[in-house]
Amino acid sequence: MTWVLLVAIVLLAAIVVIGLVLGARALRQLRVAQPTLPPTDDPAYVAEKDRQQQSLAALRSAADEATSTVDEAKSAAAAARAEAAAAKAEANSARAEARRVLDAARAEADTVLERAHRQAEADAEQVRAAARRSGEREIALLATTTKEQAAEVERRALRMDERERLHSEEVDRLTERERRLAAADAELVGREAALATREAALAEAEERQRRELERVAGLTAEVARTELIDAIEGQAKREAALLVRDIETDARSTAEQRARHIVVDAIQRVASDQTAESVVSVLHLPGDEMKGRIIGREGRNIRAFESVTGVNLIIDDTPEAVLLSCFDPVRREIGRLTLEKLVLDGRIHPHRIEEVFDTAKHEVERLCQRAAEDALVEVGITEIHPELVTLLGRLRYRTSYGQNVLKHLVETAHIAGVMAAELRLDIPTIKRCAFLHDIGKALTHEVEGSHALIGADVARKYGESEEVVHAIEAHHNEVLPQTIEAVLTQASDACSGGRPGARRESLESYVKRLERIEEIAGGKSGVEKVFAMQAGREIRVMVKPDDIDDIGAAVLARDVAKQIEEELTYPGQIRVTVVRESRVTEIAR
């Protein structure tokens with residue numbers, strides 16, 4: 001700033017000097033030209049004089065302005081000098097402050113450096129101590145390891161010595177055994193020679209005896225053998241005929257009673273509450289006047305409904321309710337949903353019934369498809385034929401003894417997976433077998449035959465492996481199980497269906513059935529203990545070995561099984577196992 005002001009002052013001074021020089025030169029010119037001026041009355045002279053006076057006045061005013069400018073410049077220079085002095089003083093004070101701060105920073109740096117040195121020395125000491133301790137630990141560990149290795153080497157040496165001793169003893173035993181075998185061979189050779197001599201003597205004696213018998217009887221050996229065979233054959237035929245006659249008589253006397261018992265038992269099982277619930281659905285109505293609209297004029301609506309849906313509609317005196325009856329659960333559900341939509345809509349006529357039936361059919365198919373996909377995701381099966389998915393969806397409305405079949409399949413697959421995991425087998429394959437074992441129940445209303453064989457044919461048709469097909473067809477023993485997958489499928493099916501609460505059977509009746517089974521077996525003579533196992537699917541009977549022999553055990557098992565068949569009603573089958581054990585204990589003193 002100071003330098004800028006100085007430059008400005010110098011420029012203004014130069015301008016003033018130049019103005020003064022020009023003014024002085026003009027004045028000199030005027031003085032030189034005055035003697036030769038024309039007379040004052042000359043107009044040109046007067047005009048020139050006025051012009052020069054004006055110029056002179058202008059030069060004077062310019063000189064005055066230059067003077068004032070110079071004064072202003074001087075005052076500005078003085079102010080600049082004062083400001084420069086103040087700035088210099090401030091600079092000196094700033095330098096002093098900077099020196100003081102620098103000295104303080106140097107002192108602080110020295111302090112920090114000294115503190116850092118001390119901290120570094122302390123850290124180094126700690127590191128050295130830690131390294132010393134770590135080295136001591138490693139040395140101790142190496143010493144321990146060395147001792148353990150030495151002990152292990154010593155143990156191995158002892159084992160090697162013991163093994164060599166055993167080998168030497170084994171060699172001695174083998175040598176002794178070879179010696180004994182050689183002696184036994186020599187003895188056997190002698191015995192064989194003696195036996196050959198004795199056999200020759202016996203053969204000669206038998207020949208003499210045979211010739212003597214032929215002489216006394218007057219028959220040859222061939223003729224006697226033929227007569228004996230004919231007599232034995234006739235006696236065997238007579239006994240066989242008597243046995244066949246007795247069996248046929250017994251079969252005729254018991255066949256009718258046994259057949260009647262089987263039919264009654266089957267009717268009792270089919271006529272249970274579970275069966276009634278599985279073929280009938282109830283739809284509640286908003287009012288009894290809706291029954292007349294469902295029937296229609298001269299019964300046309302109900303006839304159209306039964307014709308379109310294939311479901312029998314039963315309208316009786318039950319207040320605000322109608323019954324839908326059909327053996328196909330999917331068709332019954334479609335009919336129930338159709339009737340429910342018609343009741344909610346209020347428009348009931350044959351054309352409307354067909355429209356609502358199509359809508360309900362698609363809705364039920366979608367629900368079945370969704371249920372099958374959810375079940376497959378829960379089990380973990382991804383690759384499966386779409387037709388099998390459709391059949392699995394139909395099991396959403398299928399029940400067996402009150403148990404939903406699709407949920408039963410999921411539960412069976414989980415149980416089989418747990419068993420396979422415990423046995424370290426192929427979990428996906430076994431879960432697939434268990435999940436598809438009741439697939440045939442989706443077609444039992446359409447195809448004749450056992451659902452196990454139907455399911456096996458369907459699985460084989462849609463590309464399932466032979467392991468899966470065999471497990472399906474063998475899970476009810478229509479085919480003898482040949483693989484571990486089939487056995488585990490049977491076991492998981494029994495666990496899912498036979499556990500308490502899985503099927504529609506109260507706990508009280510379940511307990512009573514188990515108690516009755518144990519009573520039947522325990523009431524037989526010679527029975528010591530009875531155990532009902534596997535939810536009543538198997539019974540173990542412990543008998544007294546002194547009272548019952550092996551044949552008696554077989555007869556007892558048959559008697560218990562027959563009495564259970566006659567007195568109890570149960571799903572599936574019950575295995576009766578009779579255990580007879582003899583123990584002899586002696587004490588060496």
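Helices (H or I, at least four residues) and strands (E, at least two) are DSSP runs, numbered from the N terminus. One place to see them at work is the loop that holds Asn-477, between helix H13 (466-473) and helix H14 (484-498). The model is predicted, and local features need pLDDT of at least 70, side-chain atom pairs count only at pLDDT 80 or more, while totals for chains, interfaces and linings use all residues. Residues are numbered from 1 along each chain as its sequence is written, and side-chain values use heavy atoms, with hydrogens and water left out.

**The whole chain**

Begin with the full protein chain, which has 16 helices and 8 strands. Of its 589 residues, 26% count as buried (buried means under 20% relative accessible area, exposed over 50%, partly exposed in between, with a 1.4 Å probe and protein chains only). Colour the chain by pLDDT, the predictor's confidence in each residue, from 0 to 100. The average is 79, and 87% of the residues score at least 70. Residues 262-277 have a pLDDT below 50, and this stretch has 10 contacts in the model beyond near neighbours in sequence; contact means heavy atoms within 4.5 Å.

**Two loops with positive phi**

Most residues other than glycine have a negative phi. Select Glu-298, in the loop between helix H5 (289-295) and helix H6 (300-309). Glu-298 is not a glycine, yet its phi is positive, about 60°. Its relative accessibility is 73%, so Glu-298 counts as exposed.

Return next to Asn-477, another residue other than glycine with a positive phi, near 65°. Because its relative accessibility is 41%, Asn-477 counts as partly exposed.

**Helix H7**

Select residues 329-345, the 17 residues of helix H7. From first C-alpha to last, H7 reaches 24 Å, close to the 24 Å expected at 1.5 Å a residue (the expected span is 1.5 Å times one less than the number of residues). Its buried residues include Pro-329, Ile-334, Leu-337 and Val-343. Gly-346 follows H7 and has a positive phi, near 90°.

**Helix H8 and its partner H9**

Move on to helix H8 (residues 350-379). The 30 residues of H8 should span 44 Å at 1.5 Å a residue, and the end C-alpha atoms are 43 Å apart, which agrees. Among the buried residues of H8 are Ile-353, Phe-357, Val-364 and Ala-371. The cover over the buried residues of H8 includes H6, H7, H9, helix H10 (405-423) and helix H11 (427-435). Just after H8, Gly-380 takes a positive phi of about 100°.

Now add helix H9 (residues 386-394), which packs against H8 at an angle of about 105°, with the axes 7 Å apart. Axes are lines fitted to C-alpha atoms, for helices over the stretch in contact, and angles run from 0 to 180 degrees between N-to-C directions. H8 is therefore roughly perpendicular to H9 (angles under 35 degrees count as roughly parallel, over 145 as roughly antiparallel, 65 to 115 as roughly perpendicular and the rest as oblique). On the H8 side, select Cys-368, Gln-369, Ala-372, Glu-373 and Leu-376; in H9 they meet Val-389, Thr-390, Leu-392, Gly-393 and Arg-394.

**Strand S7**

The last stop is Arg-540, in strand S7 (residues 538-543). Arg-540 is partly exposed, with a relative accessible area of 29%. Not counting residues up to four places away in sequence, Arg-540 touches Lys-529, Val-530, Phe-531, Met-533 and Thr-577. Glu-518 is 22 residues from Arg-540 in sequence and 9.3 Å from it in space, C-alpha to C-alpha.
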